[in-house]
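Visitor: I've never read a protein model before. Could you show me how to go about it?
Guide: Sure, let's look at it together.

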Amino acid sequence: MKKTIFASVPSVLFGALIAIAPQTFAHACSGHTPFGACHYSQQIAAGIGIVIAVLGVISFFVPRQVRVGINIAVAVNSLLLLAVPTVLIGVCKGQMMHCRMVLLPTLIVLGVLALVCAIAAAWAESRAKTA
């Protein structure tokens with residue numbers, strides 16, 4: 001049970017933070033007549049956060065071998081979260097824009113933390129049980 005909580009709770013917490021942060025304090029810039037890249041990065045990050053949180057909730061109710069796969073899926077989603085604002089879509093070009101100063105660092109930090117926790121949980125769950 002202890003490993004189940006260790007493997008599941010960080011995914012739920014980081015998924016919820018990733019889903020909520022871009023909609024609240026780490027929002028995209030306002031004032032773009034057509035939506036800018038930061039708006040789409042914000043929306044995709046929220047969706048990825050929801051997926052990570054749902055995977056974390058599912059991992060409470062599945063066997064150990066499935067939790068390993070779910071944690072690998074959380075790690076892959078965390079890598080996708082890191083790629084969205086940095087490589088795939090990006091944020092505004094202006095250095096003083098809210099999205100570059102708040103949204104980008106927030107998503108990078110939460111993505112790295114979720115990635116590290118998912119890799120650690122997958123490693124811990126994949127270890128053979130010693131009886």
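Visitor: Let's start small. Which residues does Pro85 touch, not counting residues up to four places away in sequence?
Guide: A contact means heavy atoms within 4.5 Å. With residues up to four places away in sequence left out, Pro85 touches Ser41, Gly90, Val91, Leu104 and Leu107. Before we go on: this is a predicted model, where local features need pLDDT of at least 70 and side-chain atom pairs count only at pLDDT 80 or more, while totals for chains, interfaces and linings use all residues. Residues are numbered from 1 along each chain as its sequence is written, and side-chain values use heavy atoms, with hydrogens and water left out.

Visitor: Is Pro85 buried or exposed?
Guide: Buried means under 20% relative accessible area, exposed over 50%, and partly exposed in between, using a 1.4 Å probe and protein chains only. Pro85 has 4% relative accessibility, so it counts as buried. For the whole protein, 44% of the 131 residues count as buried.

Visitor: Where does Pro85 lie?
Guide: In helix H3. Helices (H or I, at least four residues) and strands (E, at least two) are DSSP runs, numbered from the N terminus. This protein has four helices and zero strands, so to speak α-α-α-α when you read from the N terminus on.

Visitor: How do H2 and H3 pack?
Guide: You fit lines to C-alpha atoms, for helices over the stretch in contact, and take the angle from 0 to 180 degrees between N-to-C directions. Helix H2 (residues 37-58) and H3 pack at about 170°, with axes 10 Å apart. Angles under 35 degrees count as roughly parallel, over 145 as roughly antiparallel, 65 to 115 as roughly perpendicular and the rest as oblique. H2 and H3 are therefore roughly antiparallel. Pro85 of H3 and Ser41 of H2 are among the residues making this contact.

Visitor: What classes do the residues of that contact fall into?
Guide: Ala, Val, Leu, Ile, Met, Phe, Trp, Tyr, Cys and Pro count as nonpolar, Asp, Glu, Lys and Arg as charged, and the others, Gly among them, as polar. Here H2 with H3 gives 14 nonpolar, three polar and no charged.

Visitor: And at what angle do H3 and H4 cross?
Guide: Helix H3 (residues 64-88) and helix H4 (residues 98-126) cross at roughly 160°, their axes coming within 8 Å. That makes H3 roughly antiparallel to H4. Their contact has 18 nonpolar, five polar and three charged residues.
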